[in-house]
Structure formats: C-alpha cells, structure tokens
Amino acid sequence: MKLKTLAIAAVLCAAPAFAQAPPSDTLKTIVEKGMTLSVMGMEGNMDFKTDGTFSGFDGQFAGTYKLDGTKLCLTVPGMIENQCTEYPVGKKSGDKFMIAADFGEMEVTVR
C-alpha cells in the first residue's frame, strides 16, 4: 500500500513538469493573424488554424504546431519533427523581428 501511495505522489509531483506553459502574447497573435517569414532570400506567409495545423509558403508545406510559452514547435511530416523556436514577447501586428534557426536567422513579420 505504501508503494502505491508513493507512486501516485511521484506522478502528481511530476505532472506539472510535463505541462505546457500558456502561449505568449506574440504567439497568440501569430496564430490568430499569421506571419510572413523571410528566409534565405525567400519570403512567404505562414497561416495557423486553431485545430493545431498550419501551412506555409502558398501550401508548399504543412503540418502541425504546438505552443509552449514563448516557443512555437512545428512538425512537418517527413521533414521536421517537433522543432521548437523561441519567439520574443510583446510583439503585435506589423512588428518585425529576427529569430534564430538551425540554418541561420529568419525575419518574422507579424501580420
């Protein structure tokens, strides 16, 4: 009985560590309005739906997303798996900023 009680207590203590943080104001705006990315000389829109899906660059790629605090995590089947990128807080429609990616920096414009 003690072992079962300890196991339940361990799960309850660990549960908050697995929970995702509420999305930042910047990411809420990006999901609502979309964004334009400038990457290696190419520019394209990214659009997000409330069902956790997105598409980008005129439908050239699509997948699912998750929001975790200031991180936007993308999965594109066959390309990337749960790649998370940190976004600054306090951004609104019309704001431009740079974010770091594995292949260099990208310019983001919140639509």
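In the predicted model, Cys 84 has a relative accessibility of 37% and therefore counts as partly exposed, since that class spans the values between the 20% limit for buried residues and the 50% limit for exposed ones. Cys 73, by contrast, counts as buried, with a relative accessibility of 7%. These two cysteines are joined by a disulfide, with an S to S distance of 2.0 Å. Because Cys 73 belongs to strand E5 and Cys 84 to strand E6, the pair ties together parts that are eleven residues apart in sequence. The torsion about the S-S bond is about 110 degrees, and the disulfide is therefore right-handed. A search of the whole structure returns one disulfide.

Strands E5 and E6 both belong to an open sheet of eight strands, in which the order is E6-E5-E4-E3-E2-E1-E8-E7 and the pairing is antiparallel. The edges of the sheet are formed by strand E6 (80-86) and by E7, each of which pairs on one side only. Neighbouring strands of the sheet are turned against each other by 30 degrees on average, with direction ignored.

Within this sheet, strand E1 (residues 35-39) pairs with strand E2 (residues 42-48) in the antiparallel sense, and five bridges connect the two. In this pairing, Ser 38 is found opposite Glu 43 of E2. At the E7 edge, a hairpin of two residues leads from E7 to E8. The pairing of E7 with strand E8 (residues 104-110) is likewise described by an antiparallel sense, here over six bridges. Met 98 takes the position opposite Glu 107 in E8.

The side chains of edge strand E7 (residues 96-101) alternate in direction. Those of Phe 97, Ile 99 and Ala 101 point to one face and are buried. Lys 96, Met 98 and Ala 100 point to the other face and are not buried. Such alternation between the two faces of the sheet is the pattern of a regular strand. Met 98, which stands opposite Glu 107 in the pairing with E8, thus belongs to the set that is not buried.

Helix H2 (residues 25-33) lies across several strands of the sheet, namely E1, E2, strand E4 (61-68), strand E5 (71-76), E7 and E8. The helix runs at about 150 degrees to E4. Among the strands that H2 lies across are E7, an edge strand of the sheet, and E5, the strand that holds Cys 73 of the disulfide.

Conventions
Residues numbered from 1 in each chain as written. Predicted model: local features only at pLDDT ≥ 70, side-chain atom pairs only at ≥ 80, totals over all residues. Heavy atoms only, no water. Buried < 20%, exposed > 50% of the residue type's maximum accessible area, 1.4 Å probe, protein only. Helix = DSSP H or I, 4+ residues; strand = E, 2+ residues; numbered from the N terminus. Pairing = 2+ DSSP bridges. Axes fitted to C-alpha atoms, helices over the stretch in contact; angles between N-to-C directions. Contact = heavy atoms within 4.5 Å. Disulfide = S-S within 2.5 Å.
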